[in-house]
Every structure is written in C-alpha cells, then in structure tokens.
Amino acid sequence: KMVLLPFRGEIVSTGVQSIADGSITLAKIAHTTNGNNGLFLRHNGSSSDPTWATPTKGLQNFVSTSTSAVFETNTSFPIGDAVPQNDDGAELFTLAITPTSASNTLIIEATVVWSINGSGRAIGIGIYQDSTAGALAAVYSRQDTSATPCTTPITHVMAAGTTSSTTFKVRVGPNGNTLTVNGESGGRRLGGVAATTFRIWEVTV
C-alpha cells in the first residue's frame, strides 16, 4: 500500500518501496515501446488496478485540403427544386477518407470564397460521394451587385457506413455568368491568403 503525504511532494511506501518525487516520467507512464501508443490509462475504481484503454469518444480521423488559387467556371449550377446532380457546375475539390469504423460519424464541411460578374446571380455548392449522382447536401447564396465578394459554408453530417476508402467531392457553379473562386472578375484578392477549404472529420459520439 502506498500513501501520499499531504504537502510533502513525495510518495512514501508503508512497506514495499519508496518512490522519489519526480522519478516517474511521462515516458515511463506512456510505455509506448510495449504497444501502448495512442492508449490512455483508465481508472477502474478504488479496488481495481488501472488498465490501458483505447479512446472510444472524440476525433478518430481528419483530412483536409484547400486552395488559394483563382478558379473560374461558367458551367451552370441550377437553383431550382431538384436535387443537384454530379454534372452540375464544376468540380472544385475531391478528398478521400478511410473511416476506422462504419458506425462513426463523418462531419463534412466546405467554405467557398466567391463572386459572380452579374447582379443578382447565385452560386450553387454541392457535396457528393463517390459515383452517386445526387448531391448529399447543397446550398446556394445570392449576391445583390456584380462581383460582390462572398463567403459561403456548407456542412453535411452522416454515418460513415464503411471502413473502405470513400471519396467526397465539392462542385460549384453560378446560375448565370461567370463564377470566380478566391477573387473577383477573374482576379485574385487578398494576396493568396483568402483560401477556399474542404475538411472531413471522423468522430465517435
């Protein structure tokens, strides 16, 4: 049995062994050379020894991509009452992830910096998976005046459903005229630090 004396900063054994203050390092606790890398030491109650355990909640995987390059398209993204298809607009991003568990949750998020050279025009943004024709999620945003800089996010949450690699895509397009991503009227803005992003989190909840 080991007793921690208050206000002394040391551990004293009542008959087994004394351990000097500061002699147990994080490296010794982690014990990574014996296959415990990524595990945590779980408390199992006052009458049981602690054990190494795998985290079962929180972030399991994360992938992302971004671009600050100017991207232009005049391929229409219809803004009507129909599910956008994988030939609407132009492909802006693809991003693959291999989930660690089919029952985990994927949080898929894109943020697009854009403008269109036409008053009252709208951007359509869709998230797609593999070869599935219909968008998993889509949003649209309208500018009042021509070449007005805008930033539009889109988020989709879903069950992973697989432990195989799966590819998600972002497609964008205007409902008329020409769309510029990361700029205005074909020109870059903010010196290349205005980035359009695409990110996927795999979490256990």
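Helices and strands are DSSP runs, of at least four residues (H or I) for a helix and at least two (E) for a strand, numbered from the N terminus. By this definition the chain, examined here as a predicted model, contains one helix and 16 strands. Of its 205 residues, 34% are buried. Contacts across the chain are weighted towards distant positions: of those between residues at least 6 apart in sequence, 75% join residues at least 24 apart.

An open sheet of four strands was identified, with the order β7-β12-β9-β10 and antiparallel pairing. Strands β7 and β10 (137-142) occupy the edges; each has a single partner strand, so one side of each lacks a neighbour in the sheet. From one strand to the next, the twist averages 15 degrees. The antiparallel strands β7 and β12 are joined by seven bridges, and L95 is placed opposite F168 of β12.

Nonpolar side chains tend to be buried together in soluble globular proteins. In the present model, the largest nonpolar core comprises 26 residues, and the members touching the most others are I108, V112, I123, F168, V172, F198 and I200. At least two residues of this core come from each of β7 (90-97), β8 (105-116), β9 (122-129), β11 (150-159), β12 (166-174), β13 (179-181) and β16 (196-204). Strand β8 provides the largest share, with six residues. The surroundings of one core member, I123, were examined further. Leaving aside residues up to four places away in sequence, I123 touches I79, V112, W114, I116, V139, Y140, S141, V172, G173 and L179. Of these neighbours, V112 and V172 are themselves among the core residues that touch the most other members.

Aromatic pairs were considered next. A pair of aromatic rings is described by the distance of the centres and the angle of the planes. A search of the whole structure yields two such pairs. One of them, formed by F62 and W201, is tilted, with 5.3 Å from centre to centre and 40 degrees between the planes. This pair links distant parts of the chain, since F62 belongs to strand β5 (residues 58-67) and W201 to strand β16, 139 residues apart. F62 counts as partly exposed because its relative accessibility is 37%, a value between the 20% and 50% limits of that class. W201, at 23%, is likewise partly exposed.

The pair formed by F93 and F198 is stacked, with the centres 5.9 Å apart and the planes at 25 degrees. F93 lies in strand β7 and F198 in strand β16, so this pair ties together parts separated by 105 residues in sequence. Both rings belong to buried residues: relative accessibility is 6% for F93 and 0% for F198. F198 is also one of the core residues with the most contacts to other members.

A buried position outside the strands was also examined. N182 is located in the loop between β13 and β14 (183-184). With a relative accessible area of 1%, N182 is buried, because the limit for that class is under 20%. A polar atom of the N182 side chain lies 3.0 Å from the backbone oxygen of T67. Apart from residues up to four places away in sequence, N182 touches T67, S68, A69, V70, V113, W114, G187, R188, R189, A194, A195 and T196. W114 therefore appears in the contact lists of both N182 and I123.

Definitions and conventions. Residues are numbered from 1 along each chain as its sequence is written. This is a predicted model: local features need pLDDT of at least 70, side-chain atom pairs count only at pLDDT 80 or more; totals for chains, interfaces and linings use all residues. Side-chain values use heavy atoms; hydrogens and water are left out. A nonpolar core is a set of buried Ala, Val, Leu, Ile, Met, Phe, Trp, Tyr and Cys residues joined through side-chain atoms within 4.5 Å. Buried means under 20% relative accessible area, exposed over 50%, partly exposed in between (1.4 Å probe, protein chains only). Contact means heavy atoms within 4.5 Å. A polar contact is a pair of N or O atoms within 3.5 Å; within protein, one must be able to donate a hydrogen and the other to accept it, and residues adjacent in sequence count only if both atoms are side-chain atoms. Two strands pair if DSSP finds at least two bridges between them. Axes are lines fitted to C-alpha atoms, for helices over the stretch in contact, and angles run from 0 to 180 degrees between N-to-C directions. Rings of Phe, Tyr and Trp (its six-membered ring) pair if their centres lie within 6.5 Å; planes under 30 degrees apart count as stacked, over 60 as edge-to-face and the rest as tilted.
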